[in-house]
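Q: I'd like to learn how to read the place where two parts of a chain meet. Could you walk me through it?

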Amino acid sequence: MSVGIVSYGAYVPKYRIKVEDIARVWGDDAEILKAGLMVNEKAVPDVDEDAATIAVEAARAAVNRSGIDAQRIGAVYTGSESHPYAVKPTSTIVAEATGATPVMTAADFEFACKAGTAAVQACMGLVNSGMIDLGMAIGADVAQGAPGDALEYTAAAGGVAYIIGNKESELVAVIEDTYSFTTDTPDFWRREGMPYPEHGGRFTGEPGYFKHVTNAAKGLLNKLDAKPEDYDYAVFHQPNGKFPSRAAKMLGFSKEQIAPGLVVTRLGNTYSGSCMMGIAATLDQAKPGDRIFATAFGSGAGGDAFSITVTDKIDEMRDNAPKVEELLADPIYVDYATYAKHKGKIKIA
Amino acid sequence: MIIMSVPRFWRKQIARYNLVGTQCKKCGEKFYPPRNMCPKCRRDGEIEEYKFSGKGEVVTYTVIHTAAEGFEGQTPYVLGIIKLEEGPSLTSQIICDAENVKIGMKVKPVFRKLGQDGERGMIYYGTKFVPESTDKC
(Lines give C-alpha, C1' and ligand atoms only; values in the text may rest on other atoms or scores of the structure.)
Protein backbone atom coordinates (compact mmCIF):
# COMPACT_ATOMS: atom_id res chain seq x y z
CA MET A 1 0.00 0.00 0.00
CA SER A 2 1.41 3.42 -0.97
CA VAL A 3 1.75 6.13 1.59
CA GLY A 4 3.06 9.59 0.96
CA ILE A 5 2.68 13.33 0.80
CA VAL A 6 -0.73 14.68 -0.24
CA SER A 7 0.38 18.27 0.23
CA TYR A 8 2.97 20.45 1.90
CA GLY A 9 3.22 24.05 3.01
CA ALA A 10 6.04 26.21 4.31
CA TYR A 11 6.27 29.47 6.20
CA VAL A 12 9.25 31.73 6.92
CA PRO A 13 8.95 35.08 8.73
CA LYS A 14 10.03 38.03 6.57
CA TYR A 15 12.79 39.33 8.86
CA ARG A 16 16.47 38.33 8.68
CA ILE A 17 19.59 39.20 10.64
CA LYS A 18 23.02 38.89 9.06
CA VAL A 19 25.85 37.01 10.76
CA GLU A 20 27.84 40.30 10.64
CA ASP A 21 25.30 42.04 12.88
CA ILE A 22 25.46 39.31 15.53
CA ALA A 23 29.27 39.05 15.32
CA ARG A 24 29.63 42.81 15.82
CA VAL A 25 27.87 42.61 19.20
CA TRP A 26 30.05 39.79 20.53
CA GLY A 27 33.36 40.79 18.95
CA ASP A 28 33.53 37.69 16.73
CA ASP A 29 34.96 37.52 13.23
CA ALA A 30 31.98 37.31 10.88
CA GLU A 31 34.00 36.07 7.90
CA ILE A 32 35.45 33.14 9.86
CA LEU A 33 31.98 32.29 11.19
CA LYS A 34 30.33 32.49 7.78
CA ALA A 35 32.99 30.30 6.22
CA GLY A 36 32.88 27.81 9.09
CA LEU A 37 29.09 27.60 9.43
CA MET A 38 28.19 28.23 5.77
CA VAL A 39 25.37 30.45 7.07
CA ASN A 40 25.08 34.10 6.00
CA GLU A 41 21.83 35.15 7.66
CA LYS A 42 18.93 33.69 9.60
CA ALA A 43 15.16 34.21 9.77
CA VAL A 44 13.82 36.21 12.72
CA PRO A 45 10.19 36.05 13.89
CA ASP A 46 8.01 39.15 14.21
CA VAL A 47 7.16 40.34 17.74
CA ASP A 48 3.82 38.52 17.57
CA GLU A 49 5.01 35.27 15.98
CA ASP A 50 5.80 32.04 17.81
CA ALA A 51 5.94 28.33 16.98
CA ALA A 52 2.11 28.12 17.02
CA THR A 53 1.51 31.01 14.60
CA ILE A 54 4.24 29.69 12.29
CA ALA A 55 2.75 26.18 12.43
CA VAL A 56 -0.69 27.59 11.57
CA GLU A 57 0.64 29.53 8.55
CA ALA A 58 2.48 26.41 7.28
CA ALA A 59 -0.57 24.20 7.89
CA ARG A 60 -2.89 26.61 6.07
CA ALA A 61 -0.46 26.73 3.13
CA ALA A 62 -0.53 22.91 2.98
CA VAL A 63 -4.34 22.81 3.01
CA ASN A 64 -4.53 25.56 0.36
CA ARG A 65 -1.94 23.89 -1.90
CA SER A 66 -4.01 20.71 -2.24
CA GLY A 67 -7.48 22.18 -1.70
CA ILE A 68 -8.42 19.18 0.46
CA ASP A 69 -11.29 19.38 2.92
CA ALA A 70 -9.53 19.95 6.28
CA GLN A 71 -12.23 17.88 7.96
CA ARG A 72 -10.59 14.79 6.44
CA ILE A 73 -7.52 15.34 8.63
CA GLY A 74 -7.70 12.80 11.43
CA ALA A 75 -4.49 13.69 13.27
CA VAL A 76 -2.50 16.87 13.80
CA TYR A 77 0.98 16.48 15.29
CA THR A 78 3.24 19.49 15.75
CA GLY A 79 6.92 18.96 16.38
CA SER A 80 8.81 21.83 18.02
CA GLU A 81 11.28 22.62 20.76
CA SER A 82 9.71 26.04 21.28
CA HIS A 83 6.06 25.17 21.90
CA PRO A 84 4.57 28.38 23.40
CA TYR A 85 3.04 26.47 26.32
CA ALA A 86 4.83 23.91 28.49
CA VAL A 87 1.42 22.28 29.03
CA LYS A 88 -1.35 22.98 26.47
CA PRO A 89 -0.96 21.61 22.97
CA THR A 90 0.15 23.73 20.02
CA SER A 91 -1.57 21.16 17.80
CA THR A 92 -5.08 22.02 19.01
CA ILE A 93 -4.47 25.67 18.04
CA VAL A 94 -3.27 24.55 14.60
CA ALA A 95 -6.17 22.14 14.14
CA GLU A 96 -8.75 24.77 15.09
CA ALA A 97 -7.16 27.42 12.86
CA THR A 98 -7.08 25.08 9.85
CA GLY A 99 -10.64 23.83 10.33
CA ALA A 100 -9.67 20.23 11.10
CA THR A 101 -11.42 20.01 14.51
CA PRO A 102 -13.21 18.34 16.26
CA VAL A 103 -13.26 14.67 15.12
CA MET A 104 -9.51 14.06 15.16
CA THR A 105 -6.61 13.31 17.45
CA ALA A 106 -3.78 15.72 18.25
CA ALA A 107 -0.55 15.87 20.22
CA ASP A 108 2.68 17.81 20.35
CA PHE A 109 5.96 16.13 19.51
CA GLU A 110 9.41 16.94 20.86
CA PHE A 111 12.68 15.41 19.67
CA ALA A 112 15.03 18.38 19.25
CA CYS A 113 15.34 19.01 15.50
CA LYS A 114 13.56 15.89 14.28
CA ALA A 115 10.20 16.13 16.06
CA GLY A 116 8.56 17.02 12.74
CA THR A 117 9.81 13.93 10.89
CA ALA A 118 8.84 11.75 13.88
CA ALA A 119 5.34 13.20 13.39
CA VAL A 120 5.50 12.29 9.68
CA GLN A 121 6.31 8.68 10.64
CA ALA A 122 3.43 8.58 13.14
CA CYS A 123 1.04 9.85 10.46
CA MET A 124 2.33 7.25 7.96
CA GLY A 125 1.51 4.52 10.47
CA LEU A 126 -1.95 5.86 11.31
CA VAL A 127 -2.85 6.37 7.66
CA ASN A 128 -1.63 2.95 6.56
CA SER A 129 -3.33 1.16 9.44
CA GLY A 130 -6.60 2.71 8.32
CA MET A 131 -7.10 4.56 11.61
CA ILE A 132 -7.23 7.95 9.88
CA ASP A 133 -7.84 9.25 6.35
CA LEU A 134 -5.22 12.03 6.35
CA GLY A 135 -2.65 13.12 8.95
CA MET A 136 -0.88 16.44 9.29
CA ALA A 137 2.71 16.51 10.56
CA ILE A 138 4.34 19.86 11.26
CA GLY A 139 7.83 20.97 12.23
CA ALA A 140 7.88 24.58 13.45
CA ASP A 141 10.22 26.53 15.66
CA VAL A 142 11.28 29.94 16.85
CA ALA A 143 14.62 28.41 17.70
CA GLN A 144 16.41 29.48 20.84
CA GLY A 145 20.08 30.27 21.16
CA ALA A 146 21.51 32.07 24.19
CA PRO A 147 22.92 35.55 23.51
CA GLY A 148 26.62 35.17 22.67
CA ASP A 149 26.39 31.39 22.24
CA ALA A 150 27.48 29.77 18.97
CA LEU A 151 23.86 28.73 18.39
CA GLU A 152 22.79 32.37 18.16
CA TYR A 153 24.32 32.60 14.69
CA THR A 154 22.02 29.91 13.31
CA ALA A 155 18.91 29.50 15.53
CA ALA A 156 16.12 30.65 13.19
CA ALA A 157 12.34 30.75 12.78
CA GLY A 158 10.21 28.85 10.28
CA GLY A 159 7.90 25.91 9.83
CA VAL A 160 6.72 23.26 7.38
CA ALA A 161 3.57 21.13 7.30
CA TYR A 162 3.04 17.85 5.46
CA ILE A 163 -0.33 16.22 4.89
CA ILE A 164 0.15 12.46 4.76
CA GLY A 165 -2.28 10.12 3.03
CA ASN A 166 -2.43 6.80 1.20
CA LYS A 167 -4.82 7.31 -1.71
CA GLU A 168 -2.52 6.94 -4.69
CA SER A 169 -4.40 9.42 -6.88
CA GLU A 170 -3.87 12.14 -4.24
CA LEU A 171 -0.16 11.79 -3.59
CA VAL A 172 2.32 14.43 -4.84
CA ALA A 173 5.11 12.17 -3.61
CA VAL A 174 5.25 8.56 -2.47
CA ILE A 175 7.28 7.78 0.65
CA GLU A 176 8.66 4.35 -0.25
CA ASP A 177 10.13 3.68 3.15
CA THR A 178 11.54 5.22 6.32
CA TYR A 179 14.28 4.03 8.65
CA SER A 180 15.35 5.42 12.03
CA PHE A 181 18.52 5.09 14.09
CA THR A 182 18.22 6.18 17.73
CA THR A 183 20.45 6.12 20.82
CA ASP A 184 20.61 7.98 24.15
CA THR A 185 23.22 10.62 23.34
CA PRO A 186 23.21 13.82 25.42
CA ASP A 187 24.61 16.22 22.81
CA PHE A 188 22.04 18.99 23.28
CA TRP A 189 19.23 19.67 25.78
CA ARG A 190 17.10 22.26 27.49
CA ARG A 191 15.96 21.70 31.06
CA GLU A 192 12.42 22.49 32.21
CA GLY A 193 11.91 26.23 32.77
CA MET A 194 15.22 27.21 31.19
CA PRO A 195 15.02 29.76 28.35
CA TYR A 196 17.97 28.52 26.28
CA PRO A 197 19.35 25.12 25.34
CA GLU A 198 22.77 23.80 26.35
CA HIS A 199 24.96 21.76 24.06
CA GLY A 200 28.07 19.68 24.11
CA GLY A 201 30.02 21.88 21.69
CA ARG A 202 32.03 19.65 19.36
CA PHE A 203 30.38 16.60 20.97
CA THR A 204 27.28 17.44 18.89
CA GLY A 205 29.25 16.53 15.73
CA GLU A 206 30.69 13.01 15.48
CA PRO A 207 28.80 11.13 18.25
CA GLY A 208 25.64 13.16 17.61
CA TYR A 209 24.91 14.37 14.10
CA PHE A 210 27.23 12.28 11.94
CA LYS A 211 26.74 8.94 13.71
CA HIS A 212 22.94 9.15 13.59
CA VAL A 213 22.58 10.70 10.14
CA THR A 214 24.96 8.27 8.44
CA ASN A 215 23.57 5.20 10.23
CA ALA A 216 19.95 6.10 9.43
CA ALA A 217 20.85 6.91 5.81
CA LYS A 218 22.94 3.75 5.30
CA GLY A 219 20.26 1.67 7.00
CA LEU A 220 17.61 2.87 4.58
CA LEU A 221 19.85 2.51 1.52
CA ASN A 222 20.65 -1.08 2.56
CA LYS A 223 17.01 -1.88 3.29
CA LEU A 224 15.97 -0.65 -0.16
CA ASP A 225 19.10 -2.00 -1.84
CA ALA A 226 19.60 1.53 -3.22
CA LYS A 227 22.64 3.68 -3.92
CA PRO A 228 23.13 7.46 -3.64
CA GLU A 229 23.24 7.72 -7.44
CA ASP A 230 19.70 6.29 -7.65
CA TYR A 231 18.46 9.64 -6.30
CA ASP A 232 18.08 13.00 -8.04
CA TYR A 233 18.13 14.99 -4.80
CA ALA A 234 19.23 14.58 -1.19
CA VAL A 235 18.40 16.54 1.97
CA PHE A 236 20.13 16.21 5.33
CA HIS A 237 19.30 18.05 8.55
CA GLN A 238 20.93 21.45 8.30
CA PRO A 239 22.02 22.94 11.65
CA ASN A 240 24.53 24.83 9.47
CA GLY A 241 25.73 24.40 5.90
CA LYS A 242 28.83 22.44 6.79
CA PHE A 243 27.28 19.40 8.52
CA PRO A 244 24.89 18.36 5.71
CA SER A 245 27.60 18.97 3.09
CA ARG A 246 29.99 16.70 4.99
CA ALA A 247 27.34 14.05 5.67
CA ALA A 248 26.44 14.01 1.96
CA LYS A 249 30.10 13.51 1.04
CA MET A 250 30.57 10.73 3.63
CA LEU A 251 27.55 8.89 2.19
CA GLY A 252 28.45 9.41 -1.47
CA PHE A 253 25.89 12.07 -2.43
CA SER A 254 27.06 14.94 -4.62
CA LYS A 255 26.96 18.70 -4.05
CA GLU A 256 24.47 18.97 -6.92
CA GLN A 257 22.08 16.52 -5.24
CA ILE A 258 21.91 18.54 -2.01
CA ALA A 259 22.00 22.06 -3.55
CA PRO A 260 18.24 22.71 -4.05
CA GLY A 261 17.40 21.69 -0.48
CA LEU A 262 20.31 23.44 1.21
CA VAL A 263 18.37 26.53 2.33
CA VAL A 264 20.24 26.97 5.62
CA THR A 265 22.68 29.53 4.19
CA ARG A 266 19.85 32.08 3.83
CA LEU A 267 17.43 30.76 6.44
CA GLY A 268 19.43 29.48 9.40
CA ASN A 269 18.48 26.38 11.37
CA THR A 270 14.72 26.19 11.86
CA TYR A 271 15.23 23.23 14.21
CA SER A 272 12.11 21.03 13.82
CA GLY A 273 11.49 22.64 10.42
CA SER A 274 15.06 22.25 9.16
CA CYS A 275 15.13 19.01 7.14
CA MET A 276 11.43 19.35 6.28
CA MET A 277 12.12 22.80 4.79
CA GLY A 278 14.88 21.29 2.65
CA ILE A 279 12.45 18.62 1.40
CA ALA A 280 9.83 21.32 0.66
CA ALA A 281 12.38 23.43 -1.28
CA THR A 282 13.31 20.30 -3.26
CA LEU A 283 9.65 19.38 -3.97
CA ASP A 284 9.22 22.97 -5.19
CA GLN A 285 11.46 22.19 -8.14
CA ALA A 286 11.42 18.41 -8.54
CA LYS A 287 9.90 16.83 -11.64
CA PRO A 288 7.50 13.87 -11.70
CA GLY A 289 9.51 10.67 -11.26
CA ASP A 290 12.39 12.36 -9.42
CA ARG A 291 13.64 10.62 -6.31
CA ILE A 292 14.56 12.43 -3.08
CA PHE A 293 16.60 10.94 -0.24
CA ALA A 294 16.19 12.75 3.10
CA THR A 295 17.57 12.27 6.59
CA ALA A 296 16.52 14.36 9.58
CA PHE A 297 18.53 14.50 12.79
CA GLY A 298 17.42 15.31 16.30
CA SER A 299 19.79 15.72 19.21
CA GLY A 300 19.35 13.35 22.07
CA ALA A 301 19.76 11.63 19.51
CA GLY A 302 18.31 10.06 16.39
CA GLY A 303 18.09 10.11 12.63
CA ASP A 304 15.01 9.52 10.45
CA ALA A 305 15.70 8.65 6.81
CA PHE A 306 13.08 8.76 4.04
CA SER A 307 13.05 7.63 0.42
CA ILE A 308 10.63 9.73 -1.62
CA THR A 309 9.48 9.58 -5.26
CA VAL A 310 7.68 12.56 -6.80
CA THR A 311 4.47 11.85 -8.76
CA ASP A 312 2.77 13.56 -11.74
CA LYS A 313 0.42 15.31 -9.31
CA ILE A 314 3.18 17.71 -8.21
CA ASP A 315 2.80 19.92 -11.30
CA GLU A 316 -0.89 20.61 -10.58
CA MET A 317 -0.32 21.57 -6.95
CA ARG A 318 3.01 23.29 -6.72
CA ASP A 319 1.90 26.83 -7.55
CA ASN A 320 -1.11 26.89 -5.19
CA ALA A 321 0.96 28.00 -2.16
CA PRO A 322 4.17 30.01 -1.66
CA LYS A 323 7.38 28.17 -2.59
CA VAL A 324 10.33 28.19 -0.18
CA GLU A 325 12.33 30.35 -2.64
CA GLU A 326 9.52 32.92 -2.63
CA LEU A 327 9.48 32.89 1.17
CA LEU A 328 13.23 33.48 1.25
CA ALA A 329 13.16 36.28 -1.34
CA ASP A 330 13.22 40.00 -0.47
CA PRO A 331 13.70 39.80 3.28
CA ILE A 332 13.65 42.78 5.64
CA TYR A 333 16.99 43.00 7.44
CA VAL A 334 17.00 43.94 11.11
CA ASP A 335 19.88 44.95 13.37
CA TYR A 336 20.74 43.17 16.62
CA ALA A 337 18.65 45.51 18.78
CA THR A 338 15.52 44.95 16.68
CA TYR A 339 16.23 41.21 16.63
CA ALA A 340 16.49 41.26 20.44
CA LYS A 341 13.15 43.10 20.61
CA HIS A 342 11.48 40.61 18.24
CA LYS A 343 12.80 37.62 20.19
CA GLY A 344 11.63 39.04 23.52
CA LYS A 345 15.19 39.32 24.79
CA ILE A 346 14.44 42.86 26.01
CA LYS A 347 12.50 42.80 29.26
CA ILE A 348 10.05 45.64 29.79
CA ALA A 349 9.33 46.31 33.45
CA MET B 1 -1.89 42.34 31.03
CA ILE B 2 -5.01 41.73 28.99
CA ILE B 3 -8.19 42.03 30.97
CA MET B 4 -10.19 39.21 29.46
CA SER B 5 -11.39 36.03 31.04
CA VAL B 6 -10.36 32.72 29.47
CA PRO B 7 -13.99 31.63 28.77
CA ARG B 8 -14.78 35.02 27.22
CA PHE B 9 -11.94 34.70 24.74
CA TRP B 10 -12.68 31.03 24.07
CA ARG B 11 -16.31 31.78 23.16
CA LYS B 12 -15.15 34.06 20.32
CA GLN B 13 -12.10 31.97 19.43
CA ILE B 14 -13.29 30.58 16.09
CA ALA B 15 -14.40 34.04 15.00
CA ARG B 16 -10.95 35.42 15.81
CA TYR B 17 -8.94 32.50 14.38
CA ASN B 18 -10.79 31.96 11.12
CA LEU B 19 -12.86 35.14 10.61
CA VAL B 20 -16.10 33.24 11.06
CA GLY B 21 -19.13 35.53 11.27
CA THR B 22 -22.75 35.21 10.29
CA GLN B 23 -25.04 36.18 7.44
CA CYS B 24 -28.76 36.68 7.09
CA LYS B 25 -30.02 34.26 4.44
CA LYS B 26 -33.02 36.49 3.77
CA CYS B 27 -31.32 39.80 2.96
CA GLY B 28 -27.74 38.61 2.42
CA GLU B 29 -26.22 41.02 4.97
CA LYS B 30 -23.03 39.66 6.54
CA PHE B 31 -21.89 40.31 10.09
CA TYR B 32 -18.52 40.36 11.80
CA PRO B 33 -18.31 39.94 14.71
CA PRO B 34 -21.17 37.45 14.37
CA ARG B 35 -24.72 38.62 15.16
CA ASN B 36 -27.48 36.30 16.25
CA MET B 37 -30.23 38.46 14.76
CA CYS B 38 -30.47 40.49 11.55
CA PRO B 39 -31.17 44.12 12.53
CA LYS B 40 -32.97 44.66 9.19
CA CYS B 41 -35.10 41.53 8.88
CA ARG B 42 -35.61 41.12 12.64
CA ARG B 43 -37.72 38.04 13.37
CA ASP B 44 -38.11 37.26 9.64
CA GLY B 45 -34.36 36.96 9.21
CA GLU B 46 -32.50 33.65 9.09
CA ILE B 47 -28.99 33.72 10.52
CA GLU B 48 -26.31 31.21 9.44
CA GLU B 49 -22.55 30.92 9.90
CA TYR B 50 -20.37 32.61 7.28
CA LYS B 51 -16.58 32.35 6.81
CA PHE B 52 -15.05 35.53 5.46
CA SER B 53 -12.28 35.40 2.84
CA GLY B 54 -10.27 37.84 4.94
CA LYS B 55 -9.53 40.07 1.99
CA GLY B 56 -10.28 43.71 2.54
CA GLU B 57 -8.94 47.23 2.54
CA VAL B 58 -7.76 49.80 5.05
CA VAL B 59 -10.51 52.34 5.85
CA THR B 60 -8.40 54.30 8.31
CA TYR B 61 -5.50 53.75 10.69
CA THR B 62 -3.49 55.20 13.53
CA VAL B 63 0.06 54.60 14.69
CA ILE B 64 0.41 53.63 18.35
CA HIS B 65 3.49 55.02 20.08
CA THR B 66 2.20 54.93 23.65
CA ALA B 67 0.75 51.48 24.06
CA ALA B 68 -1.59 49.97 26.60
CA GLU B 69 -0.14 47.63 29.21
CA GLY B 70 1.05 44.40 27.58
CA PHE B 71 1.75 45.97 24.19
CA GLU B 72 4.72 48.21 25.15
CA GLY B 73 7.17 45.87 23.44
CA GLN B 74 5.50 46.27 20.07
CA THR B 75 5.56 50.07 19.56
CA PRO B 76 5.34 51.66 17.11
CA TYR B 77 2.53 49.58 15.59
CA VAL B 78 -0.38 50.27 13.28
CA LEU B 79 -3.98 49.84 14.36
CA GLY B 80 -6.63 50.21 11.67
CA ILE B 81 -10.17 49.64 10.55
CA ILE B 82 -10.38 47.01 7.81
CA LYS B 83 -13.42 46.78 5.56
CA LEU B 84 -13.79 43.15 4.45
CA GLU B 85 -14.76 42.61 0.80
CA GLU B 86 -18.04 41.04 1.94
CA GLY B 87 -19.05 44.24 3.78
CA PRO B 88 -18.35 44.33 7.50
CA SER B 89 -15.56 46.37 9.07
CA LEU B 90 -13.38 45.42 12.00
CA THR B 91 -10.56 46.90 14.06
CA SER B 92 -7.23 45.09 13.79
CA GLN B 93 -3.52 45.52 13.98
CA ILE B 94 -1.96 45.94 10.51
CA ILE B 95 1.51 44.42 10.20
CA CYS B 96 3.21 47.15 8.21
CA ASP B 97 5.69 49.94 8.79
CA ALA B 98 3.88 53.15 9.72
CA GLU B 99 5.42 54.96 6.71
CA ASN B 100 4.07 52.38 4.25
CA VAL B 101 0.47 51.92 5.39
CA LYS B 102 -2.08 53.70 3.16
CA ILE B 103 -5.82 54.28 3.29
CA GLY B 104 -7.40 52.06 0.62
CA MET B 105 -4.49 49.58 0.77
CA LYS B 106 -5.58 45.98 0.04
CA VAL B 107 -4.89 43.58 2.91
CA LYS B 108 -5.07 39.85 3.65
CA PRO B 109 -5.30 37.96 6.96
CA VAL B 110 -2.47 36.31 8.93
CA PHE B 111 -2.47 34.27 12.13
CA ARG B 112 -0.66 36.04 14.96
CA LYS B 113 -0.45 36.40 18.71
CA LEU B 114 -2.94 39.06 19.81
CA GLY B 115 -1.59 39.26 23.35
CA GLN B 116 -1.01 37.32 26.50
CA ASP B 117 -2.14 37.44 30.08
CA GLY B 118 1.28 38.14 31.60
CA GLU B 119 3.96 35.47 31.91
CA ARG B 120 1.68 32.89 33.53
CA GLY B 121 -1.66 33.39 31.80
CA MET B 122 -3.20 32.41 28.52
CA ILE B 123 -1.77 33.39 25.13
CA TYR B 124 -4.42 34.87 22.84
CA TYR B 125 -4.18 34.11 19.12
CA GLY B 126 -6.17 35.46 16.21
CA THR B 127 -6.23 37.36 12.96
CA LYS B 128 -4.23 40.43 11.99
CA PHE B 129 -3.74 41.86 8.51
CA VAL B 130 -0.77 42.34 6.17
CA PRO B 131 -0.62 44.15 2.80
CA GLU B 132 -1.92 41.86 0.05
CA SER B 133 0.46 42.84 -2.72
CA THR B 134 3.55 41.65 -0.89
CA ASP B 135 4.35 40.34 2.55
CA LYS B 136 6.91 43.11 2.80
CA CYS B 137 5.94 46.38 4.28
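Q: How much area do domain 1 of chain A and domain 2 of chain A bury between them?
A: Keep in mind that this is a predicted model. The two domains bury about 4700 Å² between them, with 61% of it on carbon and sulfur atoms. On the domain 1 side, Met38(A), Cys113(A) and Val172(A) supply 13% of the area buried against domain 2, more than any other three residues.

Q: Where does each domain of chain A lie along the chain?
A: Domain 1 comes in two pieces, 4-172 and 315-342, and domain 2 covers 173-314. Taken over C-alpha atoms, their centres are 15 Å apart. The contact draws on 64 residues of domain 1 and 54 residues of domain 2.

Q: How many salt bridges does the rule find across the interface?
A: Look for a Lys or Arg nitrogen within 4 Å of an Asp or Glu carboxyl oxygen. Here the rule finds four across the interface. As for Arg266(A), this residue forms a salt bridge with Glu325(A), and the closest N and O atoms are 2.8 Å apart. There are also 33 residue pairs in polar contact across the interface.

Q: Which element gives the most to the side of domain 1 that touches domain 2?
A: That's α5(A), with seven residues. Several elements supply at least two residues each, including β1 (4-11), α2 (30-37) and β7 (157-165) of chain A.

Q: How do the residues on that side of domain 1 divide into nonpolar, polar and charged?
A: You'll find 35 nonpolar, 15 polar and 14 charged residues there.

How values were computed. Residues numbered from 1 in each chain as written. Chains lettered and ligands numbered in written order. Predicted model: local features only at pLDDT ≥ 70, side-chain atom pairs only at ≥ 80, totals over all residues. Heavy atoms only, no water. Domains from an automatic or database assignment. Contact = heavy atoms within 4.5 Å. Buried area = accessible area lost by both parts, 1.4 Å probe. Salt bridge = Lys/Arg side-chain N within 4 Å of Asp/Glu carboxyl O. Polar contact = N/O pair within 3.5 Å; in protein donor to acceptor, adjacent residues only side chain to side chain. Helix = DSSP H or I, 4+ residues; strand = E, 2+ residues; numbered from the N terminus. Nonpolar A, V, L, I, M, F, W, Y, C, P; charged D, E, K, R; others polar.
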